[in-house]
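Good morning, everyone, and thank you for making the time. I would like to walk you through one structure, so please have a look at it before I go on.

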Amino acid sequence: MSQMPQLSACPSCEEPLESGDRFCGACGYDLSAVPARPQDNPTITMNGSVPAQGTPAGAYAEPPPAPPAGAAWPAPGPDGAGGPDAVHLPTDLPGTDSGGSALPPETPPPPGAPPAAAGGVRFDRPQQPDGPAASPEIYQTQPDEYLLQAPDPRVSAEPAAQAAGAGGKVCVACRAGRVDDDGYCENCGHAQPRERDHMEQESGPVAAVSDRGLRHHRNEDAFAIGTTALPDGSPASVAVVCDGVSSATRPDDASAAASKAAGETLLAALPRGTHPQQAMHDAILAASRAVNSLAGEPATVREQAPHQNAPACTIVGAVVTSGLLIVGWVGDSRAYWVPVDRSAPPARLTEDDSWAAQMVAAGLMNEAEAYADERAHAITGWLGADAYELEPHTAAFKPDRPGVVVVCTDGLWNYAEAAEEMARVVPLDAAAHPLHSARVLVGHALDGGGHDNVTVALVPFPAVPQGAGSA
């Protein structure tokens, strides 16, 4: 049985050790893992000499004798600058090894043999055992202590295919492990990016993009878009955008529930012949009920956090038909009108339910003063169980020219508040390429600082028949 090397101090924490210790009493370091000092010879040249074969460790051979007599080197010339040309070639002198012995005749390596190691490089890994468990590829590239954590792609392809085939998600880090219900890879342990951190969707001529932004730890915005047909067969486009109230509980769930309920209500009511403005009013009420249902938590949850507000969010939506534009909202998310012909003026289609808007409406401040105040974004209307009496706002417009409706949260309009500013950042081809243009607008907010979640939906006017979209 091999003896463990005797150490006076722990190699890990330098704690003094006693004779016979197997583990460090301070840090628990396994002292049996400390290898004994190898009794080998240096394999690189030290001070011009190399140990001769068989020389004990620490001992060095005598310096090599002078080369054997041969053709003499030319003597210096009279001027001391050098002699005449050499009368022999360098190969005329026989080669010797470091001990002065003649070199053996050179023999070519056998076919398939690995190339010889370069001088000064040490290859002293122990021989690996033979057998099917031994992997030459791994052994030749790295020591046992540093095996790769990610599996070999040739081996991991099958588990990845199984995970994808079973409906599970494959890890974005190692591309091999299955992602568990908690969002972590079962193979490498990496946390997976959340789906809502960045979302994009295109439905016919309507498109929307949502991004977490650069400051928030999650995306509390949500959207719903879609297209349908009215009873007369004419097309209709729908877009709903919701912004979760960060000071409330589960704002991300509130925005997701509200956008889903409003979108489904609109797409179901319009084909039945419901007037678009009435359909928008009903959709906001449906969204409110969906958010209110989230407040029905167990009593024990409320006891543990009695000061938390009920889930809440804002909402803004647009319905576009062949000749009519309807918007509806509660809160401070907005809708803008941007005509294709930029010589015509753009317009903001909504009025915020906010402290700043109330100050302006009451004539107490102008708009610049109100929105410069730190209370400007305090909302006075929202969807949620603890909201005041719900008053859905709806408005109908009949634009006289083509354009695009920008439906967005304050994460975007904070960086383009006035209608003229929004029109400047909306690409000129937004009506023809809504998805690309939505990406551009989100990028504008991120370039400006990305202090909030950013969500925008673009709806061309008039409504485009189904099947048309970004080219």
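Let me begin with a hairpin, the one formed by strands E1 and E2, where 2 residues lie between the strands and Gly204 takes a positive phi near 60°. Please keep in mind throughout that this is a predicted model. Strand E1, residues 198-203, and strand E2, residues 206-211, run antiparallel and are joined by 6 bridges; to take one position, Glu200 has Val209 in E2 as its bridge partner.

From there I turn to backbone geometry elsewhere in the chain. Most residues other than glycine have a negative phi, and most peptide bonds are trans. With that in mind, look at Arg250, which is not a glycine and yet has a positive phi, near 50°. Arg250 sits in the loop between strand E4, residues 235-244, and helix H3, and with a relative accessible area of 30% this residue is partly exposed. Then there is the peptide bond that joins Phe461 and Pro462, which is cis, with omega at about -5°; Pro462 itself belongs to the segment after strand E12, which covers 454-461.

Next, helix H4, residues 276-293. What span should its 18 residues have, at 1.5 Å a residue? The expected figure is 26 Å, and the end C-alpha atoms are 26 Å apart, so the two agree. The buried residues of this helix include Pro276, Met280, Ile284 and Val291, along with several alanines, among them Ala279 and Ala283. As a reminder, an α-helix has 3.6 residues a turn, so residues three or four places apart point the same way. As for what the buried residues of H4 pack against, the partners are helix H3 (251-269) and the strands E5 (312-320), E6 (325-330), E9 (383-384) and E10 (393-397).

Finally, the aromatic side chains, of which the structure holds 3 pairs. In one of them, Tyr371 and Trp413, the ring centres are 6.3 Å apart and the planes stand at 90°, which is why we call the pair edge-to-face. This pair links distant parts of the chain, since Tyr371 lies in helix H7, residues 367-372, and Trp413 in helix H8, residues 410-413, with the two residues 42 residues apart. Are these two residues buried or exposed? Both Tyr371 and Trp413 are buried. Trp413 has a further neighbour in Arg334, which lies over the face of its ring, 3.4 Å from the ring centre.

That is where I will stop, and I am happy to go back to any part of it.

Conventions
Residues numbered from 1 in each chain as written. Predicted model: local features only at pLDDT ≥ 70, side-chain atom pairs only at ≥ 80, totals over all residues. Heavy atoms only, no water. Phe/Tyr/Trp six-rings, centres within 6.5 Å; stacked < 30°, edge-to-face > 60°. Helix = DSSP H or I, 4+ residues; strand = E, 2+ residues; numbered from the N terminus. Buried < 20%, exposed > 50% of the residue type's maximum accessible area, 1.4 Å probe, protein only. Lys NZ or Arg CZ within 6 Å of the ring centre and 35° of its normal. Expected span 1.5 Å × (residues − 1). Contact = heavy atoms within 4.5 Å. Pairing = 2+ DSSP bridges.
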